[in-house]
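Here are a few notes on one pocket and the helices around it. Have the model open while you read.

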Amino acid sequence: MRLDGRRQSGNVDDRRGRRSGLGGKIAGGGVIGVIIACVVAWMSGGNPLEVLVSNGGSMLSSGTEQQYVPTQEEEELAVFSKQILAGTEDVWTEIFRHNGLEYVPPKLVLFTGSVQSACGGATASSGPFYCSADNSVYLDLSFFRDMRRNLGADGDFAYAYVIAHEVGHHVQNQLGTLSKAHNQMARLPEAEANKISVRLELQADYYAGVWAYHDNKMFRSLEPGDIEEALDAASKIGDDYLQKRAQGYTVPDSFNHGTSAQRERWLRKGLSTGDPSQGDTFTPSYSSL
């Protein structure tokens, strides 16, 4: 991506180096990180159940500050993340304005190790997530390293896609889609609730593509190979890909983010159209997503 001279968002809460008490559930979007962590644990001979327990249970820490010195790579990723967030602010502000709406950007919370959000506590293994209760995207920058090392998904636009996907959840929240879907999910059996979760996640993928379309139009930010990086990342965080890698088979009723093919399809559609109105993942039949 071409980001030279691009502004950095100031809407960032940098909590790196802090420790925080944990408790409660993680928000939507963090499941990706848990699955990746389970895959890594399984492949290294560990117990994936321990990862699930550590993310689903209550964990306490001192809540004290500790001396923290980020690496040069991490600092570069922090600058990059702030630039991508700024790009989402510029794009979605304009799209909302064009439709007679006001866009209120989310805050980006950078953390290391663990964090406490208004949606509950989470660890780095939870991956990036969006919390609608405090309108914030939470990101441990080590997730990008894990994408590269554990999944082979690499590249600046692949990383940008991850951030833009979580911002996509914020767009859903601003439009009322997220709360409506969560209310429906709360009344349904798990397998049916998972299908609504898939629809939410695929729409967030679509919105990530819409952002990239307009960001490139505004700033000429995309370079050759960028789109392929993002599509490759989308395919490697599909539910079917991760389950096959972890256990050799898939359990479709447990899918809550979408298959590799679905995630690629909706991201590609957003990239090609740039039209938020064509991102309806709730009306089509589930089998046609």
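The points below go from the pocket to its helices and how they pack.

1. First, a caveat: this is a predicted model, so take the numbers below as computed from predicted coordinates.

2. The pocket I looked at is the second largest one, with a volume of about 260 Å³. Its lining runs to 17 residues, and those nearest the centre are W92, I95, F96, N99 and P276.

3. Which elements give two or more residues to that lining? They are α3 (72-98), α5 (156-175) and α7 (190-219). The largest share is from α3, which puts in 6 residues.

4. On chemistry, the lining of the second largest pocket splits into 10 nonpolar residues, 5 polar and 2 charged. If you want to probe the site by eye, begin with the central set, which includes W92 and F96.

5. Now α3 itself. With 27 residues at 1.5 Å each, α3 should span 39 Å, and its end C-alpha atoms do sit 39 Å apart, so the two values agree. After the helix comes G100, which has a positive phi, near 75°.

6. How do α3 and α5, both contributors to the lining, meet? Their axes come within 10 Å and cross at roughly 40°. That angle is over the 35 degrees that bounds roughly parallel, so α3 counts as oblique to α5. The crossing is right-handed.

7. α5 has a second partner to look at, helix α8 (residues 226-236): the two pack at an angle of about 55° with axes 7 Å apart. α5 and α8 are therefore oblique to each other as well, and α5 passes α8 in a right-handed crossing.

Notes: Residues numbered from 1 in each chain as written. Predicted model: local features only at pLDDT ≥ 70, side-chain atom pairs only at ≥ 80, totals over all residues. Heavy atoms only, no water. 1 Å grid on protein atoms, 1.4 Å probe; cavity = no way out; pocket = protein on both sides within 12 Å on 5 of 7 lines; lining within 4 Å. Points joined across faces, edges and corners; volume = space filled by probe spheres on them. Helix = DSSP H or I, 4+ residues; strand = E, 2+ residues; numbered from the N terminus. Nonpolar A, V, L, I, M, F, W, Y, C, P; charged D, E, K, R; others polar. Expected span 1.5 Å × (residues − 1). Axes fitted to C-alpha atoms, helices over the stretch in contact; angles between N-to-C directions. Parallel < 35°, antiparallel > 145°, perpendicular 65-115°, else oblique. Left-handed = near helix turned anticlockwise from the far one by under 90°.
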